[in-house]
Amino acid sequence: MIDQLPVIAVLGGTGAEGSGLAARWAAAGYRVLVGSRSEERAVDFAAKIGAEGMDNATAATACDIAVLTVPYQAQRTTLTALRETLQGKVLVDVTVPLVPPRVMRVQLPEEGSAAHIAQTVLGEGVRVVSAFQNVSAGHLQDPAHVIECDVLVTGDDPTARSEVVRLAEAAGLNAIEAGPLDNAVAAEALTSLLIWINRKYKSPGAGIRITALPADKS
Ligand SMILES: NC(=O)c1ccc[n+]([C@@H]2O[C@H](COP(=O)([O-])OP(=O)(O)OC[C@H]3O[C@@H](n4cnc5c(N)ncnc54)[C@H](OP(=O)(O)O)[C@@H]3O)[C@@H](O)[C@H]2O)c1
């Protein structure tokens, strides 16, 4: 039933995190649009994974669900430019509000979280869901790697949250709904702890796992 799957745009999909997600969704049979500031860069990468490459605005226009995977410093400007295009859609925000060089310390934005910035910039006409902040890009990029960590999915719209859980599962990840968008701050903050833990224990990509859930949590 490939026809019924949503079309996914990965905005900034040429990068570390977005490329892994895009490749996994393309391999799962989704129509994936890789977005970039450079159409040429997107086309080159997309050809390698069975996706379509284009500029971010074209991808945002043609998709059902957009996934934002650009650095925090580029989040606001990227979303501001796509605000009108994204109205009525689901925007999955993967942004971690890291402030280099102190990325191993939690430094939250004045607005509370990157997810709140996304919702504020886009307005209530876009259903923002926050997810994937705690999944290492290196793990995502290796299609053979079985990713053991959980993905925390937060957002105010229950239908959009469930759709993003399905997307995470299609990418081979275990996803858990974790409440409203206000809760995204916890997942965003955890990433700095994970980066610190990676360095301390020489891990290629530590993750988190929620325990004591029933086997069938649907
Ligand atoms: N890396 C990880 O392990 C990881 C894990 C969890 C969450 N995240 C989050 O995922 C997001 C992406 O991380 P990443 O490591 O994939 O970043 P990245 O590779 O540095 O950048 C991703 C893409 O963003 C685009 N980009 C870069 N600077 C931009 C700018 N000034 N304006 C617009 N677009 C720009 C680039 O695409 P084009 O040049 O093609 O436009 C680039 O390929 C971040 O918010 C990060 O916190 C990352």
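**Notes on helix 8 and the nonpolar cores**

1. Let's start with serine 192: its relative accessibility is 4%, so it counts as buried. Bear in mind that this is a predicted model. The residue sits in helix 8, which covers residues 184-201.

2. What does the side chain of serine 192 have for polar company? One of its polar atoms lies 3.3 Å from the backbone oxygen of arginine 105. Setting aside neighbours within four places in sequence, serine 192 touches Leu98, Val103, Met104, Arg105 and Val106.

3. Helix 8 also carries tryptophan 196. At 45% relative accessibility, that tryptophan falls between the 20% and 50% cut-offs, so tryptophan 196 counts as partly exposed. Together with Val106, Leu108, Leu193, Ile197 and Tyr201, Trp196 makes up a nonpolar surface patch with about 580 Å² of accessible area in total. Val106 turns up here as a patch member and also in the contact list of serine 192.

4. On to the interior: the largest nonpolar core holds 36 residues, and Trp25, Val32, Val34, Phe132 and Leu173 have the most contacts inside it. Elements that each give at least two residues to this core include strand 1 (8-11), helix 1 (16-27), strand 2 (32-36) and helix 7 (158-170). Helix 7 provides the largest share, five residues.

5. Take valine 32 as an example from that core. Leaving out neighbours within four places in sequence, valine 32 is in contact with Ile8, Val10, Ala22, Trp25, Ala26, Ala51 and Glu52.

6. There's a second, separate core too, with 24 residues, among them Leu79, Leu86, Ile117 and Ala184.

Conventions: Residues are numbered from 1 along each chain as its sequence is written. This is a predicted model: local features need pLDDT of at least 70, side-chain atom pairs count only at pLDDT 80 or more; totals for chains, interfaces and linings use all residues. Side-chain values use heavy atoms; hydrogens and water are left out. Helices (H or I, at least four residues) and strands (E, at least two) are DSSP runs, numbered from the N terminus. Buried means under 20% relative accessible area, exposed over 50%, partly exposed in between (1.4 Å probe, protein chains only). A polar contact is a pair of N or O atoms within 3.5 Å; within protein, one must be able to donate a hydrogen and the other to accept it, and residues adjacent in sequence count only if both atoms are side-chain atoms. Contact means heavy atoms within 4.5 Å. A nonpolar core is a set of buried Ala, Val, Leu, Ile, Met, Phe, Trp, Tyr and Cys residues joined through side-chain atoms within 4.5 Å. Patches are made of residues with over 30% relative accessible area and no salt bridge: like charges are joined within 9 Å, nonpolar side chains (Val, Leu, Ile, Met, Phe, Trp, Tyr) within 5 Å. Accessible areas come from the Shrake-Rupley method with a 1.4 Å probe; for residues, only the protein chains shown count as cover. A salt bridge is a side-chain nitrogen of Lys or Arg within 4 Å of a carboxyl oxygen of Asp or Glu.
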